[in-house]
Structure formats: structure tokens, C-alpha cells
Amino acid sequence: MDQNASKAQRIYRVDRFTVPDGARAEFLGKVLQTHELLRVQPGFLQDMLLAQPAAPGEHNVITIVEWESEAAIAPAKAKVQAMHAQANFNPQELIARLGIKADIANYRHI
């Protein structure tokens, strides 16, 4: 497979969060835990965790995970869900409880 065909199959999971100052440590702890698991999944290529100050009292956090193909995402998602279930952790509850705004989507190379 040539380089351009390979790039065309890649999927980029881009999650954007606006996180209140008081929620930052707890939120980032969960994000880092999840990314540690993602990094050892088949099809994982790379990730980035980025942050910047936002409005007073808030931070913008962006996480990016590059997958070699869409086929790699479902098994990785199942592993993450199993880890969360074992820890009795609900990401949607955390986001609501901490007042975090989230924008989560998959993107493709153009």
C-alpha cells in the first residue's frame, strides 16, 4: 500500500474540552489513564494531549489519537469501556459533574 492510500485510511479522533480550573486535575487523570490503554491497542499510531488557557478559570484541552484505520477503533473502544466498567467510571457523569464542555468527533485525512 502506498503512503497516500495508507493516509486515506487513517482516522483521527479529536476531542475538545473546556475544563474549569477546579476540574482540571481529576479530568486529566482520567484522560491520561485512558490514553495509557489506547497506546497499547492494535492500530494505534500516535496521540497528543494539548492544553491552553481559555476564559478566566477555564482551560481548553484537546486530545488527538491517530488510528491506522476505522477497523482499529471498535476493539479499542470496547477495551476502554471494559476498563471504565471495571473501575465503575462513567465519563458522561464526570463531564456533567465537573461542568466540562465536550466536542468529540472522528476526522479523516484530506
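**Reading a predicted fold, feature by feature**

Analyst: Let's start with one contact: the bridge partner of Thr 18 in β4 is Lys 101. Keep in mind that this is a predicted model.

User: Okay, and which strands are paired there, in what sense and over how many bridges?

Analyst: That's β1 with strand β4 (residues 101-108), antiparallel, over eight bridges. β1 also pairs with β3 in the antiparallel sense, over 10 bridges. For a landmark there, find Val 14, which stands opposite Ile 64 in β3.

User: What about β2, which strand is it joined to?

Analyst: β2 is joined to β3 by nine bridges, and the two run antiparallel. Look for Gln 52, whose bridge partner in β3 is Asn 60. The hairpin of β2 and β3 has four residues between the strands, and Gly 57 takes a positive phi near 85° in that hairpin.

User: Can we zoom out? How many helices and strands does the protein have, and what pattern do they follow along the sequence?

Analyst: There are four helices and four strands, and the order along the sequence is α-β-α-β-β-α-α-β. The C-alpha trace spans about 45 × 35 × 15 Å along its principal axes.

User: How should I read burial here: how much of the protein counts as buried?

Analyst: The idea is a cut-off: a residue under 20% relative accessible area is buried, and one over 50% is exposed. Of the 110 residues, 34% count as buried. Now go strand by strand. β1 is mostly covered, with seven of its 10 residues buried. In β3, seven of the 10 residues are buried, so that strand is largely enclosed by the rest of the structure.

User: Where do the side chains of a regular strand point?

Analyst: In a regular strand they alternate between the two faces of the sheet.

User: On to aromatics. How many aromatic pairs does the structure hold?

Analyst: Two. Take Phe 17 and Phe 27: their ring centres are 4.8 Å apart with 65° between the planes, which makes the pair edge-to-face. This pair links distant parts of the chain, with Phe 17 in strand β1 (residues 11-20) and Phe 27 in helix α2 (residues 24-38), 10 residues apart. Both Phe 17 and Phe 27 are buried.

User: And Phe 44 with Trp 67, why is that pair called edge-to-face?

Analyst: Planes over 60 degrees apart count as edge-to-face. The planes of Phe 44 and Trp 67 are at 85°, with the centres 5.9 Å apart, so the pair is edge-to-face. Phe 44 lies in strand β2 (residues 44-53) and Trp 67 in strand β3 (residues 58-67), so the pair ties together parts 23 residues apart in sequence.

User: Are those two rings' residues buried or exposed?

Analyst: Phe 44 has 16% relative accessibility, so Phe 44 counts as buried. Trp 67 is at 4%, so Trp 67 counts as buried too. While you're there, check Ala 72: the C-alpha atoms of Phe 44 and Ala 72 are separated by 7.5 Å, though these residues are 28 apart along the chain.

User: Which residue lies over the face of Phe 89?

Analyst: That's Lys 30, at 4.6 Å from the ring centre.

User: Now pockets. How does one find the empty space?

Analyst: Rolling a probe the size of a water molecule over the atoms shows where empty space is left. Here the largest pocket has a volume of about 750 Å³. It is lined by 25 residues, and the closest to its centre are Arg 13, Asp 15, Thr 34, Val 80 and His 84.

User: Which elements supply the lining, and what classes of residue does it have?

Analyst: β1, α2, β3, α3 (73-86), α4 (91-98) and β4 each give at least two residues. By class, the lining has 14 nonpolar, seven polar and four charged residues. One to pick out is Thr 34, found in helix α2. Its relative accessible area is 15%, so Thr 34 is buried. C-alpha to C-alpha, Thr 34 and Gln 81 are 9.8 Å apart in space, with their positions 47 residues apart in sequence.

User: Last one, backbone angles. What is special about the phi of Asn 88?

Analyst: The general rule is that most residues other than glycine have a negative phi. Asn 88 has a positive phi of about 55° although it is not a glycine. You'll find Asn 88 in the loop between α3 and α4. Its relative accessible area is 74%, so Asn 88 is exposed.

Key. Residues numbered from 1 in each chain as written. Predicted model: local features only at pLDDT ≥ 70, side-chain atom pairs only at ≥ 80, totals over all residues. Heavy atoms only, no water. Phe/Tyr/Trp six-rings, centres within 6.5 Å; stacked < 30°, edge-to-face > 60°. Buried < 20%, exposed > 50% of the residue type's maximum accessible area, 1.4 Å probe, protein only. Lys NZ or Arg CZ within 6 Å of the ring centre and 35° of its normal. Pairing = 2+ DSSP bridges. 1 Å grid on protein atoms, 1.4 Å probe; cavity = no way out; pocket = protein on both sides within 12 Å on 5 of 7 lines; lining within 4 Å. Points joined across faces, edges and corners; volume = space filled by probe spheres on them. Nonpolar A, V, L, I, M, F, W, Y, C, P; charged D, E, K, R; others polar.
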